[in-house]
Structures are given as structure tokens and as C-alpha cells.
Amino acid sequence: MARITAAVFTSHVPAIGAAMDLGKTHEPYWQPLFKGYEFSKQWMKDNRPDVIFLVYNDHATAFSLDMIPTFAIGTAAQYQPADEGFGPRPCPKVIGHPELASHIAHSVIQQDFDLTIVNRMEVDHGLTVPLSLMCGEQDPVHGAWPCPVIPFAVNVVQYPVPSGQRCFNLGQAIGRAVESYDDDLNVHIWGTGGMSHQLQGARAGLINREWDNAWLDQLITDPVACAKTPHIDYVREAGSEGVELVMWLIARGAMSDVVQSDTTKSVAFGAGSVRVRHRFYHVPASNTAVGHLILQNA
Ligand code: DHB
Ligand code: FE
């Protein structure tokens, strides 16, 4: 059967992608940020997954205000990096995993989560920047990402956006869906976006180190309580775009200390335990506080 072995959490600032694409990673501004991902790139090589289930948000790239899916799962065979105004990023196309994606869609919808099925879309910095951070620069033509990726887009741009609790519950359902897939696949689930940042209005540039780090502590040690954080707390404490953090709760909900194979038990704790492999926090990166965690199922 397939198993989720690890969760990776990271911010997705577009300027990080530009710094990599333009060869600026050793510049004094960027060097401390990329240093925080050295461990992660080696860890990815040592713990190479068969599939990455990548939770991210689209930034009005694939989805406009014309159509706003709350949760959208990519079931396509491949996805091209999108043009977000400066041309597509020079990175490889993303290869999908239609079989596992379709299985997860079926299972999660049967568990009462309404997903939008996406058979064709382009992917923006929300998805490609985390891949670049974890896998390093790849040649756009001759290079490739290390494994297939299932994009899972969450609306955190246009209200109403889903609650942290709903994201957490959805993560549990995704964990059960993966465990019910017959093939032996090593699956990583990634939660991306955040941490504190606000890109607009009077509080543009807001960063809240103390709140971010307390939230990370709680995400690790008491995810059930973390899931109860209301939207107003994210917005007040972590800025209007800080609400992207609800996506991390999807990945956290899929970990083995939370997921139960037996859905008749409504208690939130599974039998497994989770180990912190890496934790990193850095300010500044563009307008955003960058947070990064690697959790592994023990
Ligand atoms: C920035 C951060 C984001 O999450 C984003 O989607 C766009 C820009 C920034 O910090 O510049
Ligand atoms: Fe964003």
C-alpha cells in the first residue's frame, strides 16, 4: 500500500524563485535564506519520494475571479510553469500522477470533501518555488523534478477561504486515501505558503516572528489545537496573506500521529509518532517571513 512518510512545509515567495533563476543565491541578502535549505536538499536526495502531494495556492494564475474552487486536485499527466508576468520560470515541467490523484479524488470525495477535478492547468510560484527550494535548480529542458507531483490548490486568496479546521480534517482524509492505494508508493505531503506577510494596505510589510514561531511550535506538538486557530488570528497576527498558513494544516493532518485508518473513530489521534528533522525560520525574504519544517513519520 502507499504511505505518507514525511511532510515538508515551506513558504513560497516568488522572489526566491527569481533569485535562483537569476543566479543570485550567493548574494548577501539571499545567502542566509538558501543556507537554511542546504539540509533539506540533501534530505530530499536521501529520502526521495515516489510522489509528492503538493498543497499550495494559485495566485489568480490558473483560476481567476471567474471561477474559484476551494479545493482543486490536479489529475493531469503534466503541468507547465505559468507566465506570471515575467515569462514562465525557467524550470522543468511538472509530471503528474493521474492514477494516484484519481484514487485520492475518489476516496476524499467519498469522505464528504468536495474537490474540483482539474485535468488541465498551469502552475505558479506557489508550487514551483517550493520544488526549487527543496530540489535545487534544474535545467528547464534537460532537467527534471525528482518524482511526479500531484498539485492540490486551495483558495486562500478570495474570501470565503476554508478554515484551518476544515483543512486539518481534509488532511486526515487525504492520509486515509493514500493508505488505501494498492501500490507501494512512498508519498510526501507538502504544505506551502505563509508565514507572516501582508502585501497590501496600511500594514504592508507586516512580520510577526513571535507569533510565527509559537504557531510552528503548536503545529508540531499540538496540531489539534493549532487547527482551531480562527481566520481573524491569522490576519491580525500574521497579516492578510498569513492566512496561507491554513494550507500547512492539510499536510499536518495527513501525518501518522493524526491519521486513523479506522474512520469509525472520531478521535483525532492515530497510532504513529512524528519526528522533527529540520526547522528553519528567516526574515527577510521579499515581504515575507520564511518558515520551513520537515516532519517525518517515525
Ligand atoms: C510575496 C509573497 C507571497 O506569498 C506571494 O504570493 C507573492 C509575493 C512577497 O513576499 O513578495
Ligand atoms: Fe503567496
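The following paragraphs lead the reader through a predicted model of a protein with a ligand.

Residues are numbered from 1 along each chain as its sequence is written, while chains are lettered from A and ligands numbered from 1 in the order in which they are written. In this predicted model local features need pLDDT of at least 70, side-chain atom pairs count only at pLDDT 80 or more, and totals for chains, interfaces and linings use all residues; side-chain values use heavy atoms, with hydrogens and water left out.

The ligand is a suitable place to begin. Ligand 1 is surrounded by His 12, Val 13, Pro 14, His 59, His 125, His 197, Leu 199, Glu 244, Ser 286, Asn 287 and Thr 288; a residue counts as near a molecule if one of its heavy atoms lies within 4 Å of it. By class, this shell holds 3 nonpolar, 7 polar and 1 charged residues. In this division Ala, Val, Leu, Ile, Met, Phe, Trp, Tyr, Cys and Pro count as nonpolar, Asp, Glu, Lys and Arg as charged, and the others, Gly among them, as polar.

Particular distances can be given for oxygen atoms of the ligand. An oxygen atom of ligand 1 is 2.6 Å from an N or O atom in the side chain of Ser 286. For the side chain of Asn 287, the separation between an N or O atom and a ligand 1 oxygen is 3.0 Å, and for the side chain of His 59 it is 2.8 Å. The protein covers 89% of the 290 Å² of accessible area that ligand 1 has on its own; such areas come from the Shrake-Rupley method with a 1.4 Å probe, and for residues only the protein chains shown count as cover. The space taken by ligand 1 is the largest pocket. A pocket is found on a 1 Å grid over the protein atoms alone, as an open set of points with protein on both sides within 12 Å along at least five of seven lines, where a cavity is a set of points in which a 1.4 Å probe fits but cannot get out; lining residues have an atom within 4 Å of a point. A molecule sits in a pocket or cavity if more than half of its atoms lie within 2 Å of its grid points.

Ser 286, one of the residues around ligand 1, deserves a second look. Ser 286 lies in the loop between E9 and E10; helices (H or I, at least four residues) and strands (E, at least two) are DSSP runs, numbered from the N terminus. Its phi is near 55°, a positive value in a residue other than glycine. Ser 286 has a relative accessible area of 36% and is therefore partly exposed, given that buried means under 20% relative accessible area, exposed over 50%, and partly exposed in between (1.4 Å probe, protein chains only). In strand E9 (residues 274-285) lies Pro 284, which is joined to Val 283 by a cis peptide bond with omega about 5°. Strand E10 (residues 288-297) contains Gln 296, which counts as buried because its relative accessibility is 14%.

His 125, another residue around ligand 1, leads to helix H5. All 11 of the 11 residues of H5 (residues 125-135) are buried, so this helix is largely enclosed by the rest of the structure. Leu 133, found in H5, is buried because its relative accessibility is 1%. At the N-terminal end, Asp 124 caps H5, with a side-chain oxygen 2.9 Å from the backbone nitrogen of Gly 126. After H5 comes Gly 136, whose phi is positive, near 80°.

Several further sites complete the tour. Asp 112, in the loop between helix H4 (98-110) and strand E6 (116-118), has a positive phi near 80° although the residue is not glycine. Its relative accessible area is 61%, so Asp 112 is exposed. A cis peptide bond also runs from Tyr 159 to Pro 160, with omega near 5°; Pro 160 is in the loop between strand E7 (149-154) and helix H6 (164-179).

Thr 75 stands in the loop between strand E3 (71-74) and strand E4 (78-79), and is buried at 9% relative accessibility. The side chains of Thr 75 and Asn 119 make a polar contact of 2.6 Å. Such a contact is a pair of N or O atoms within 3.5 Å; within protein, one must be able to donate a hydrogen and the other to accept it, and residues adjacent in sequence count only if both atoms are side-chain atoms.
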